[in-house]
Amino acid sequence: MQDGIAKILPANRLRRGVIVTPREAGIHVDLYVVIEYGTNITVVSQNLIDNVTYVLNEFAQVPLDGIEVHVQGIKVRK
């Protein structure tokens, strides 16, 4: 991968941090992320929500109950 995720997480952990829970109204997605120091947490979180919503609605066509982004830490570059 060319993005920062591959640099932070080894390949065997790339799928961790996403929990999908079925509910009556649709699926609920919890995203657990580490964000780089200096980035706007609100903007990154909203971009994640928008992208996951788009993919689930357009490609998977599943009803969505909600998405929550949980910031688990801040990565500081050295």
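**View 1. I74, a partly exposed residue of strand β3.** I74 is partly exposed, with a relative accessible area of 43%. This close-up, like the ones that follow, comes from a predicted model. The residue belongs to strand β3, which covers residues 64-75. Look around I74 and you will find a nonpolar surface patch that it forms with Y37, I41, V71 and V76. Together, these five side chains make up about 470 Å² of accessible area. Because patch members need over 30% relative accessible area, I74 at 43% passes that cut-off.

**View 2. The whole chain, for orientation.** Before going further into the details, here is the overall layout. The protein has two helices and three strands, and along the sequence they follow the pattern α-β-β-α-β. Of its 78 residues, 15% count as buried. The protein exposes about 6200 Å², and carbon and sulfur atoms supply 53% of that area. Among contacts with a separation of 6 or more, 63% are between residues 24 or more positions apart.

**View 3. The sheet of three strands.** The strands make an open sheet in the order β1-β2-β3, and their pairing is mixed. β1 (18-23) and β3 stand at the edges with a single partner strand each, so one side of each has no neighbour in the sheet. From one strand to the next, the twist averages 15°. As a reminder for reading this view, strands of a sheet pair through backbone hydrogen bonds, in either a parallel or an antiparallel way.

**View 4. The hairpin of β1 and β2.** Here we move in on the two strands that follow each other in the chain. A hairpin through two residues joins β1 to β2. The two strands run antiparallel, and six bridges join β1 to β2, the latter spanning residues 26-36. Two of the residue pairs are worth picking out by eye. V18 has L31 of β2 as its bridge partner, while I19 is partnered by D30 of β2. While you follow the side chains here, keep in mind that in a regular strand they alternate between the two faces of the sheet.

**View 5. Helix α2 across the sheet.** Helix α2, residues 41-60, lies across β2 and β3. The helix runs at about 140° to β3. V44 is a handy residue to start from, as it lies in helix α2. V44 is partly exposed, with a relative accessible area of 27%. Leaving aside neighbours within four places in sequence, V44 is in contact with I35 and T39. V69 is another residue to locate here: its C-alpha atom is separated from that of V44 by 9.5 Å, and the two residues are 25 residues apart along the chain.

**View 6. G73 and its surroundings.** G73 has its place in strand β3. With a relative accessible area of 21%, G73 is partly exposed; the cut-off for buried is under 20%, so G73 does not count as buried. Not counting residues up to four places away in sequence, G73 touches V33, V34 and I35. Y32 offers a further point of reference: G73 and Y32 are 41 residues apart in sequence, and their C-alpha atoms are 9.3 Å apart in space.

**View 7. The salt bridge of R23 and D65.** The protein has two salt bridges in total, and this view shows one of them. The side chains of R23 and D65 meet at 3.1 Å, N to O. This pair links distant parts of the chain, with R23 in strand β1 and D65 in strand β3, 42 residues apart. R23 counts as partly exposed at 45% relative accessibility. D65 is also partly exposed, with a relative accessible area of 32%.

**View 8. The salt bridge of R77 and E36.** In the other pair, the side chains of R77 and E36 meet at 2.9 Å, N to O. This salt bridge, too, links distant parts of the chain: R77 sits in the segment after β3 and E36 in strand β2, 41 residues apart. R77 has a relative accessible area of 66% and is exposed, whereas E36, at 32% relative accessibility, counts as partly exposed.

Technical notes
Residues numbered from 1 in each chain as written. Predicted model: local features only at pLDDT ≥ 70, side-chain atom pairs only at ≥ 80, totals over all residues. Heavy atoms only, no water. Patch = residues over 30% accessible without salt bridge, like charges linked within 9 Å, V, L, I, M, F, W, Y side chains within 5 Å. Areas by Shrake-Rupley, 256 points an atom, 1.4 Å probe, with all protein chains shown as cover. Salt bridge = Lys/Arg side-chain N within 4 Å of Asp/Glu carboxyl O. Helix = DSSP H or I, 4+ residues; strand = E, 2+ residues; numbered from the N terminus. Buried < 20%, exposed > 50% of the residue type's maximum accessible area, 1.4 Å probe, protein only. Pairing = 2+ DSSP bridges. Axes fitted to C-alpha atoms, helices over the stretch in contact; angles between N-to-C directions. Contact = heavy atoms within 4.5 Å.
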